[in-house]
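Colleague: Pick one part of this model and take me through it closely, please. After that, carry on to whatever else you think I should look at on screen.

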Amino acid sequence: MAEDLAGAGAAAAAPDPDGPDGVRMTWNNWPRSKLEASKCVVPVAASIAPIRASPSLLVLPYNPLRCKPPCSAVLNPFARVDFAAKIWICPFCFSRNHFPPHYAAISEAVVPGELYPQCTTVEYAPPPLDHYSAPSSPPPLPPVFLFVIDTCLIEEEMGFVKSAMRRAIGMLPEHALVGLVTFVSAMVPLLDELQTDQWPVEAGNRALRCTGVALNVASGLLGACMPGTGARIVALVGGPCTQGPGMIMIHSRISSQKCLSRAEYMLQNCIPIVSKDFSESVRSHKDLDKDAVPHFHKAVKFYDNLAKQLVNQGHVLDLFASAVDQVGLAEMKVAVERTGGLVVLAESFGHSVFKDSFKRIFEDGEQSLGLSFNGTLEINCSKDIKIQGVIGPCTSLEKKGALCADTIVGQGNTTSWKMCGLDRTTCLTVFFEISPSERPNQSGIPNPQLYIQFLTNYQSPEGQMRLRVTTVTRRWVDGSCSEELVEGFDQETAAVVFARYVSLKMEMEVINNSPDETAYFRMLLNRESISNSVVMIQPSLLSYSFNSPPSPALLDVASISADCILLLDAYFSVVIFHGMTIAQWRNMGYQNQPEHQAFAQLLQAPQDDAQMIIKNRFPVPRLVICDQHGSQDIIIACDLVTNYVDARFLLAKLNPSATYNSAHEVAPGSDVIFTNDVSLQIFCEHLQRLAVQS
């Protein structure tokens, strides 16, 4: 038993699906014609992590060798090389390029790193020019962090903010430049002097909070002092904007000035006291559908202009929103996403989701996110391919050319994009269009391979400018070879790409989420890796028991058993669910007895796996520990990493194959879900009937 649990982690460590290039495609074999591509239904697209960390990454201490304009592709392993004539042929435009003099020593036995067959991804990090060659060359620029702090908070929340800020400033590099802006005063020199907003607020009204003005001031300050320098505006917001540009509402349910305990504050916020004037209440999806949102469109336009200003300056907007109500993330989304900013949504500044996530952005070493600045992405591809656009945290640089498709998806009509902020986990989705040329190539024989090159220029956390070059190849197949197309189909990538595409193209019916939550979920879906995005779409469930090592379980209520432990990874939350018998044994302290060490190891195994998930994820997910038939009382412990709460955190994610209507069919020790929703089986049967009828 102990050996099974100890080896579970190693056994679960599957090969990296992204590979060293950080590229995954919906189709790894591409149809040759536009018509054949349309029959595939799933878009031809690629997911790329531009600066993903890789232990095998080759770093070259010199400048890249480029093809002649207008191609400008970088030398790569797929180029054909004539070592005798010292010429290389570009695989994208087939131009013949001469090697420069400093490549004179190359031969079949001595090749530069960028030509190694296994090095399809390399990074160029040329050393800075010395004093003699460039006396006026400036030193690497320090990172800049401008914190914008909301002071319209209750005392308890302000205490959490101060604590988090002290920890963060202590982790910043010594050479970093730090600024502080509050929503009420101008610049505050010391964190200890921070106070809650003292402006009087009438009973029943919300505090006057000018979030838009504060962010506009911060942007203008950085634009005047640090234009073009890698800088981040880190905004800590505790409620909706109620004053000035970016305003989303006027009235409030309670006053935030009275010093309340966290429990009292949350309890009062749950009371449905709304303004008599419906237009002054917090907007919902129903309001957006009816266009009954007097402030929404103005706020979105304001933040759109702010995004353009920040992109022009090369600066990032990060948002950490902590409140039990909405703060206006749906309106601010455009400014955060187009600058490549980070976003975290939590219930309180004292909650582990905020505290641990906020800490992560300043950590170094293995836990570092590798926050980088001033990134640009350029794409080169074979002539039979055109680029429709990109979905993800970036902005079009409007660099039009022959590779731009007529159909636009996301940020399109360009071959170059700006990423003011990016990190090791940043992921973009690129959509392609098959557009075969009239002539095959110079030899008249169709080329069986296609090529795509991603060029990412960015400022590293150390301030050095680097160029990451990833060149990939895939195979063309004829439309008649459907088996070959299917063999190259990546269903995980296809599911994620389709989800991103649909959420961009249409506003689907949204239930159980506020506009802020919807914006939050979609922003993370658009920027996360394929593996993490799949978990958002379909959570993973592991079962731990004495009878077998940890193994995957169906997302079904039938997976619940009294003598097993379930570990649910739903991306935003990680749930450890103890069966009824396991919970009883734990409460009796069997794990503390020497003769029951196997039980202690069984209890510890999901804890260790949960911590591994949390360690490698940003934003940090909420850890929930619950028991079968657990208490209905929710225990709010914002300063703890675990919450013993009701089992609904797990049941809400499971297929209701057993409900109160079929309780007599449930196996002993299992469970039922009290819902009128149909099970997956009934849904599929209904879908089959509809398909037959149509």
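**Around helix H14, and onwards**

Modeller: Let's start with what sits over the buried residues of helix H14: the cover includes strand S1 (23–25), strand S3 (45–48), helix H12 (491–505), helix H13 (515–527) and strand S23 (565–569). Keep in mind that this is a predicted model. H14 itself runs over residues 530–537, and the buried residues in it are Ile530, Asn532, Ser533, Val535 and Met536. So colour the helix by residue type and you'll see that the buried set takes in Asn532 and Ser533 as well as Ile530, Val535 and Met536.

Next, another buried spot, this time in a strand. Ile434 is placed in strand S18, which spans residues 428–434. Its relative accessibility is 2%, and because anything under 20% counts as buried, Ile434 is on the buried side of the cut-off. Leaving out residues up to four places away in sequence, Ile434 touches Trp30, Pro31, Arg32, Ser33, Lys34, Ala37, Asp384 and Trp476. If you want a distance to check, the C-alpha atoms of Ile434 and Ile387 are 9.0 Å apart, with the two positions 47 residues apart in sequence.

Now the charges. The model has 22 salt bridges. One of them joins Asp304 to Arg338, with 2.7 Å between the closest N and O atoms. That pair ties together distant parts of the chain: Asp304 belongs to helix H8 (residues 296–313) and Arg338 to helix H9 (residues 329–338), 34 residues apart. The two ends are not covered alike: Asp304 is buried at 18% relative accessible area, whereas Arg338 is partly exposed at 27%.

There's a similar story for Glu363 and Lys359, whose side chains meet in a salt bridge at 3.9 Å, N to O. Here Glu363 is buried, with 17% relative accessible area, and Lys359 is partly exposed, with 35%. Since the rule accepts N to O distances within 4 Å, the 3.9 Å pair still makes the list.

For Glu484 and Arg475, the closest N and O atoms of the salt bridge are 3.1 Å apart. Glu484 comes out partly exposed at 25%, and Arg475 is partly exposed too, at 34%. Salt bridges also join up into a network, made of Asp18, Arg24, Arg52, Asp490 and Glu492.

What about the surface? Val678, Leu680, Ile682, Phe683, Leu687 and Leu690 make a nonpolar patch there, with about 550 Å² of accessible area together. Take Ile682 as one of them: this residue is in helix H18, residues 680–693. With 44% relative accessible area, Ile682 is partly exposed; because patch members need over 30%, Ile682 meets that part of the rule.

Then there's a sheet you can trace by eye. Strands in a sheet pair through backbone hydrogen bonds, either parallel or antiparallel. In this case three strands form an open sheet in the order S5-S6-S7, and the pairing is antiparallel. Strand S5 (80–82) and strand S7 (96–98) are the edges, each pairing on one side only. From one strand to the next, the twist averages 25 degrees. S5 pairs with strand S6 (residues 87–89) over three bridges, in the antiparallel sense. To get the register, find Val81, which stands opposite Trp88 in S6.

The loops of that sheet have backbone angles to look up in your Ramachandran plot. Lys86 sits in the loop between S5 and S6. Its phi is near 55 degrees, which is positive in a residue other than glycine. Lys86 is partly exposed, at 24% relative accessibility. Phe94, in the loop between S6 and S7, also has a positive phi without being a glycine, about 65 degrees.

Last, check omega in two places. From Pro69 to Pro70 the peptide bond is cis, with omega near 5 degrees. Pro70 lies in the loop from strand S4 (58–60) to S5, so to speak on the way into the sheet just described. The peptide bond from Phe618 to Pro619 is cis as well, with omega near -5 degrees. Pro619 is in the loop between helix H16 (597–615) and strand S25 (622–627).

Conventions:
Residues are numbered from 1 along each chain as its sequence is written. This is a predicted model: local features need pLDDT of at least 70, side-chain atom pairs count only at pLDDT 80 or more; totals for chains, interfaces and linings use all residues. Side-chain values use heavy atoms; hydrogens and water are left out. Two strands pair if DSSP finds at least two bridges between them. Helices (H or I, at least four residues) and strands (E, at least two) are DSSP runs, numbered from the N terminus. Axes are lines fitted to C-alpha atoms, for helices over the stretch in contact, and angles run from 0 to 180 degrees between N-to-C directions. Buried means under 20% relative accessible area, exposed over 50%, partly exposed in between (1.4 Å probe, protein chains only). Patches are made of residues with over 30% relative accessible area and no salt bridge: like charges are joined within 9 Å, nonpolar side chains (Val, Leu, Ile, Met, Phe, Trp, Tyr) within 5 Å. Accessible areas come from the Shrake-Rupley method with a 1.4 Å probe; for residues, only the protein chains shown count as cover. Contact means heavy atoms within 4.5 Å.
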